[in-house]
Amino acid sequence: MPGYVQFHNDIRGIAEEPFCMGRSDSSQRWLQRQARDPYVRRAQQAGYRSRAAYKLLQLNEKDHFLQTGQTIVDLGAAPGGWLQVAADIAGPGGTLIGLDRLPIAPVPGVTLIQGDFHDTATVQQLTDALAGRALDLVICDMAPNISGLVAVDQPRAMYLSELALVFCQQHLASGGHAVIKFFQGEGSDAFLQTVRRCFRQTRLRKPAASRARSREWYLVARHYHSQPNQTSCTE
Ligand SMILES: C[S@@+](CC[C@H](N)C(=O)[O-])C[C@H]1O[C@@H](n2cnc3c(N)ncnc32)[C@H](O)[C@@H]1O
């Protein structure tokens, strides 16, 4: 396995842990789980950079948000499993930009930005790369590094989901779609209510490839609409 894949798998394994374990305990258990995980094997055989690719495939199988020729931003894209799936479906006529604070090995036809999504300079770089184009789809699989303390990790995770929503409000075309990971817990209900005000249809999904013990869920939100009587969906 190439070094960058192993490196990113390590990071991702920590990020996918439920918020209940210390990092050293979880690392041991994660290694054991990886060895048994059928999606890890399938991803390796299919040439996907992460097992997460199957989460996007399964979400799309249900909700059909990926289409040929779309303009798409992938937030929290490393090591690039979702990018591979999205690039395949969007095809050469599509435009795909992937962002992560970690480096991502090149994906043919994809623009990559390395930076922290909390930083305004990074968001500006992404905005510049869009060059005024409105987005058909935002996909967000961002997850913070886990401290093991729910009181710390949950607000961090919710903040990333909320930042992704703000980005959607600024850049989605009317009628565009979003898929945003969130962690069930404090703040998640308020987040979902906010999203429901901005999209005509929302679905909560837990794809089979998402580990049952993880509190991660995916919100699939379709048909974005800006609200004429409000300056922001968050009001
Ligand atoms: C679960 S992984 C994404 C896996 C990816 N969807 C794939 O298919 O390979 C979560 C990613 O979110 C990224 N991330 C977390 N916080 C971030 C932030 N503030 N800015 C940019 N990326 C962030 C992490 O670096 C990590 O690569």
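How do the residues of the shell around the ligand divide into nonpolar, polar and charged? The views below come from a predicted model.

**View 1. The shell around the ligand, by residue class.** The shell splits into 14 nonpolar, five polar and seven charged residues. In total, 26 residues surround the ligand. Those that come nearest are Ala52, Gly76, Gly81, Phe117 and Asp141.

**View 2. Helices that supply the shell around the ligand.** Helix 1 (3–15), helix 4 (52–63) and helix 5 (81–90) each contribute at least two residues. Helix 1 gives the most, with three residues.

**View 3. The open sheet of seven strands.** Strand order is 3-2-1-4-5-7-6, and the pairing is mixed. Strand 3 (110–114) and strand 6 (199–205) form the edges, each pairing on one side only. On average, neighbouring strands are turned by 15° against each other, direction ignored.

**View 4. Strand 2 beside strand 3.** Strand 2 (residues 95–100) runs parallel to strand 3. Five bridges join the two strands. Gly98 stands opposite Leu112 of strand 3.

**View 5. Helix 6 across strand 1, strand 2 and strand 3.** Helix 6 spans residues 120–130. Strand 1 covers 71–75. The helix runs at about 165° to strand 3, which is an edge strand of the sheet.

**View 6. Helix 7 across strand 1, strand 4, strand 5 and strand 7.** Helix 7 comprises residues 150–171. Beneath the title's names lie these ranges: strand 4 is 135–140, strand 5 is 172–183 and strand 7 is 216–224. Helix 7 runs at about 175° to strand 5.

How values were computed. Residues numbered from 1 in each chain as written. Predicted model: local features only at pLDDT ≥ 70, side-chain atom pairs only at ≥ 80, totals over all residues. Pairing = 2+ DSSP bridges. Helix = DSSP H or I, 4+ residues; strand = E, 2+ residues; numbered from the N terminus. Axes fitted to C-alpha atoms, helices over the stretch in contact; angles between N-to-C directions. Contact = placed C-beta atoms within 7 Å. Near = placed C-beta within 6 Å. Nonpolar A, V, L, I, M, F, W, Y, C, P; charged D, E, K, R; others polar.
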